[in-house]
Amino acid sequence: MSELHAPSLATLRTAADDPVSYAQNWKDTHRRPVIGSFPMNFPSEIVHAAGALPVIVQESKTPITEGRSMLAEFYCGYTRSVADQAALGELDVFDGFVAADHCVQLLGAVDAIRYVRPEKPVHFAQFTSAMDDAWTKPRVDSRIGDLKTEIETVVGTAVTAEDLARSIGLFNANRRLLRRFYDLRRSGLIRITAGEMQLLVKSSMVMDIEEHTSVLETLLDRLVLRDQAPDDLVRLHLSGHFCHAPKPEILDVIEESGGLVVDDDLYTGYRYISTDVPESDDPLKALSTWYMQRNINAPCPTRVTSKVDWDTYLLNSLAESRSVGVVVLMAKFCEPHMLYYPELRKALEEHDVPSLLIETEHEGIPVETLRTKMETFIERIRRHSAPVPA
Ligand code: SF4
């Protein structure tokens, strides 16, 4: 049974499970536009500052039908689902779409929206992915300026520095609260399942940020902490899975098999809330600083930087959370993840950290096969006496 306040969790679940209905209700109530954006580096604060609702478009649960012919079968589930939702008219609630980067497959999905809904404004701001070059920051500054101009045009509201600073403050407060849940989960003094943690983060991607923060505050107020952490479960870190949320049934099997997920670097997880925007005098420039710092706080294989790498970050995270195994969740056909994974696996093997790769598909994976794999993995860790990597 969940240790989190059930009515608050239900509010978050309603929005996370059906973001389009949430957006439609918000639009009907506020009479303001709703803007759809895509993972993984879009600064929602600009949309909020313009008085519109920013919503990160989520993968749909339904099978792909109308959109089947729009993208190749070897595109990831998220992009094929986005194309399908657009073809079915399920994204019509959005008054415009904005994307800030990044991979070829996502470009395909954005183009599919342009193709089936030519009347919708779609703005693509390609952030540079080489983070170390002298021209990186000025170029990102300029792209963020372009994003602001486009959003102002679509929403019909000029964004002032004060508006943006206020929105930045609200999103920072929300991220801080979410990170508090992460800290509590790592401590073991409250059991927050992987599915619940996903719900907390995913709902923040689609809900009005002030409403979301208020629900998080209620959840924190109602927490009952344990005296001590349980020591009979195998502490695990979930790694990978960009752009869309892993199916909750996969997360459930991981924990039903004896694992206790204590940390993650998933996009619909810690990666999303890893970094605050500096609350400085120039809020637009602060957004590009946020973009650069995100890759230091939670390195991403879609970015290139000489200062940090994902495998070192992962090993450090394991030490901090005292995780003894890693479950890598990889969305099938996710090219950036596939390209980086061998390096990640090598680093884990060199440090004697057990890991298990689970490839996920939009159409789902056989749960009982997964259960057998997970139970074997947990048993392997229990017999494995490796210390936490230094
Ligand atoms: S990064 Fe991976 S999951 Fe995201 S759109 Fe690209 S291929 Fe799909």
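## Exercises on a predicted model

The largest pocket has a volume of about 710 Å³. The structure is a predicted model, and the exercises below concern its empty spaces, its ligand shell, one helix pair and its backbone.

**Exercise 1.** Determine which residues lie closest to the centre of the largest pocket, and how its lining divides by class.

*Solution.* Begin with the centre: 34 residues line the largest pocket, and Ala-16, Asp-17, Lys-61, Lys-202 and Pro-248 are the closest to that point. Next, assign the lining to secondary structure. At least two lining residues come from each of α1 (6-17), α2 (19-30), β2 (53-56), α8 (194-206) and α10 (248-256). Finally, sort by class: the lining contains 14 charged, twelve nonpolar and eight polar residues.

**Exercise 2.** Describe the cavities of the structure and the lining of the largest cavity.

*Solution.* Rolling a probe the size of a water molecule over the atoms shows where empty space is left. Counting cavities of 30 Å³ or more gives eight. The largest cavity encloses about 140 Å³. It is lined by 18 residues, of which Ser-44, Phe-171, Arg-175, Tyr-272 and Trp-290 are the closest to its centre. Helices α3 (44-49), α7 (161-187), α11 (267-273) and α12 each contribute at least two residues to this lining. By class, eleven of the lining residues are nonpolar, four are polar and three are charged.

**Exercise 3.** Identify the residues around the ligand and classify them.

*Solution.* The shell consists of Cys-76, Thr-79, His-102, Cys-103, Gln-105, Phe-242, Cys-243, Cys-334 and Pro-336. Classification then gives six nonpolar and three polar residues, with no charged residues in the shell.

**Exercise 4.** Characterise the packing of α6 against α12.

*Solution.* Two packed helices are described by the angle between their axes and the distance between the axes. For α6 (residues 136-155) and α12 (residues 283-297), the axes come within 9 Å and cross at roughly 125°. Because angles of 65 to 115 degrees count as roughly perpendicular and those over 145 as roughly antiparallel, α6 is oblique to α12. The crossing of α6 past α12 is right-handed.

**Exercise 5.** Locate the cis peptide bond between Pro-39 and Met-40 and the positive phi of His-241 within the secondary structure.

*Solution.* Take the peptide bond first: from Pro-39 to Met-40 it is cis, with omega near 0°. Met-40 belongs to the loop between β1 (34-37) and α3. Turning to phi, His-241 has a value near 45°, which is positive although the residue is not glycine. The loop that holds His-241 runs between β5 (234-240) and α10.

Key
Residues numbered from 1 in each chain as written. Predicted model: local features only at pLDDT ≥ 70, side-chain atom pairs only at ≥ 80, totals over all residues. Heavy atoms only, no water. 1 Å grid on protein atoms, 1.4 Å probe; cavity = no way out; pocket = protein on both sides within 12 Å on 5 of 7 lines; lining within 4 Å. Points joined across faces, edges and corners; volume = space filled by probe spheres on them. Helix = DSSP H or I, 4+ residues; strand = E, 2+ residues; numbered from the N terminus. Nonpolar A, V, L, I, M, F, W, Y, C, P; charged D, E, K, R; others polar. Near = heavy atom within 4 Å. Axes fitted to C-alpha atoms, helices over the stretch in contact; angles between N-to-C directions. Parallel < 35°, antiparallel > 145°, perpendicular 65-115°, else oblique. Left-handed = near helix turned anticlockwise from the far one by under 90°.
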